[in-house]
Amino acid sequence: TRTSFELAGKRLGADVINMSVSTSSVTKGETLLDTAATLNAMNCDLLVVRHNQSGAPALLAHKVEASVINAGDGTHEHPTQALLDALTIRRNKGRLDGLTIAICGDIAHSRVARSNMLLLAMMGNFVRVVGPPTLMPAEIGSLGVTVCNDMAEGLAGADIVMALRLQKERMNKGLIPSEREFFAFYGLNAEKLAYAKPDALVMHPGPMNRGVEIDSAVADDAVRSVIKEQVEMGVAVRMAVLDTLARGSL
């Protein structure tokens, strides 16, 4: 995501500066609000924020004069990923409504899942989330999606199948028996993909854990996989977001 945003900014002619937490004053005890004050004093026009705490970009947006873009915050949301996924779907399906979309895997810890559920349902699609009960968020019933704990049920007649990686860095132990068993029941392979429509597209926000949530043969399918196109659309979408905010078009 950082590389995609950086490339998008440079293609627009912007001066792009990366600030990693590991090399910033945060490691010396500086608070997020003090960091915001410092960044505000630098008079930057746009601030792209990726943070491990949910809500951090929203907090910064109230403390700085620059436009703040959420590049992923904790387990909350990842808005530009949802936008690029939507663009990829529209380019390949010719529309962005009335489609059956199955999002599979670790729903509970995925900010990509949350943003996609909200956006794709808002556009008039039928969104299903597929995974074990232990990897479903507590509030899933209020998000307007259909919950399935079986891949055959969840992928039946789907136009789009999106696999998500296991967010092991955010998990407590014991949510799944093992990666091997997870793949056996929920890993996307040719056998499970056969439940979807013959022209169903395969998507993945990356990075992929091959052999855990997706099989290499499916991920690299030249006809049905649009994973590389998602990466390409990521730069285009982020260029559009940066340009729109820089021009003050919103």
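The following exercises, each with a worked solution, concern the sheet, the helix contacts and two backbone features of a predicted model.

Residues are numbered from 1 along each chain as its sequence is written. In this predicted model, local features need pLDDT of at least 70, side-chain atom pairs count only at pLDDT 80 or more, totals for chains, interfaces and linings use all residues, and side-chain values use heavy atoms, with hydrogens and water left out.

**Exercise 1. The sheet**

Task: Determine the strand order of the open sheet of five strands, and state which strands are at its edges.

Solution.

Step 1. Helices (H or I, at least four residues) and strands (E, at least two) are DSSP runs, numbered from the N terminus. Two strands pair if DSSP finds at least two bridges between them.

Step 2. Strand E3 (residues 100-104) and strand E4 (residues 126-130) are parallel and share five bridges. Within this pair, cysteine 104 stands opposite valine 130 of E4.

Step 3. E3 also runs parallel to strand E6 (residues 160-163), to which four bridges join it. Here cysteine 104 has alanine 163 of E6 as its bridge partner.

Step 4. E6 in turn pairs with strand E7 (residues 201-203) over three bridges, again in the parallel sense. Valine 161 is the bridge partner of valine 202 in E7, and methionine 162 that of methionine 203 in E7.

Step 5. The resulting order is E5-E4-E3-E6-E7, with parallel pairing. Strand E5 (146-148) and E7 are the edge strands, as each pairs on one side only. Direction ignored, neighbouring strands of this sheet are turned by 20° against each other on average.

**Exercise 2. Burial of two strands**

Task: Establish how many of the five residues of E4 are buried, and which residues of E6 point one way and which the other.

Solution.

Step 1. Buried means under 20% relative accessible area, exposed over 50%, and partly exposed in between (1.4 Å probe, protein chains only).

Step 2. In E4, four of the five residues are buried, so this strand is largely enclosed by the rest of the structure.

Step 3. In E6, Ile160 and Met162 point one way, while Val161 and Ala163 point the other way; all are buried.

**Exercise 3. Helix contacts**

Task: Describe the packing of helix H4 (residues 79-93) against helix H10 (residues 227-246), and of helix H1 (residues 2-11) against H10.

Solution.

Step 1. Two packed helices are described by the angle between their axes and the distance between the axes. Axes are lines fitted to C-alpha atoms, for helices over the stretch in contact, and angles run from 0 to 180 degrees between N-to-C directions.

Step 2. The H4 and H10 axes come within 8 Å and cross at roughly 120°. Angles under 35 degrees count as roughly parallel, over 145 as roughly antiparallel, 65 to 115 as roughly perpendicular and the rest as oblique. H4 and H10 are therefore oblique to each other.

Step 3. H4 passes H10 in a right-handed crossing. A crossing is left-handed if the near helix is turned anticlockwise from the far one by less than a right angle, and right-handed if clockwise.

Step 4. The contact (heavy atoms within 4.5 Å) involves residues of H4 including Leu83, Leu84, Leu87 and Arg91, and residues of H10 including Met233, Val237, Arg238 and Val241. Its classes are six nonpolar, six polar and four charged residues. Ala, Val, Leu, Ile, Met, Phe, Trp, Tyr, Cys and Pro count as nonpolar, Asp, Glu, Lys and Arg as charged, and the others, Gly among them, as polar.

Step 5. For H1 and H10, the axes come within 8 Å and cross at roughly 60°. These helices are therefore oblique to each other, and H1 passes H10 in a right-handed crossing. Ser4, Phe5, Leu7, Ala8, Gly9 and Arg11 of H1 make the contact with Gly234, Val235, Arg238, Met239 and Leu242 of H10. By class, this contact has six nonpolar, three polar and two charged residues.

**Exercise 4. Two backbone features**

Task: Locate the cis peptide bond from glycine 206 to proline 207 and the positive phi of asparagine 43.

Solution.

Step 1. Most residues other than glycine have a negative phi, and most peptide bonds are trans.

Step 2. The bond from glycine 206 to proline 207 is cis, with omega near -5°. Proline 207 lies in the loop between E7 and helix H9 (216-219).

Step 3. Asparagine 43 has a positive phi of about 60° although it is not a glycine. Asparagine 43 belongs to the loop between helix H2 (32-41) and strand E1 (46-51), and is exposed, with a relative accessible area of 61%.
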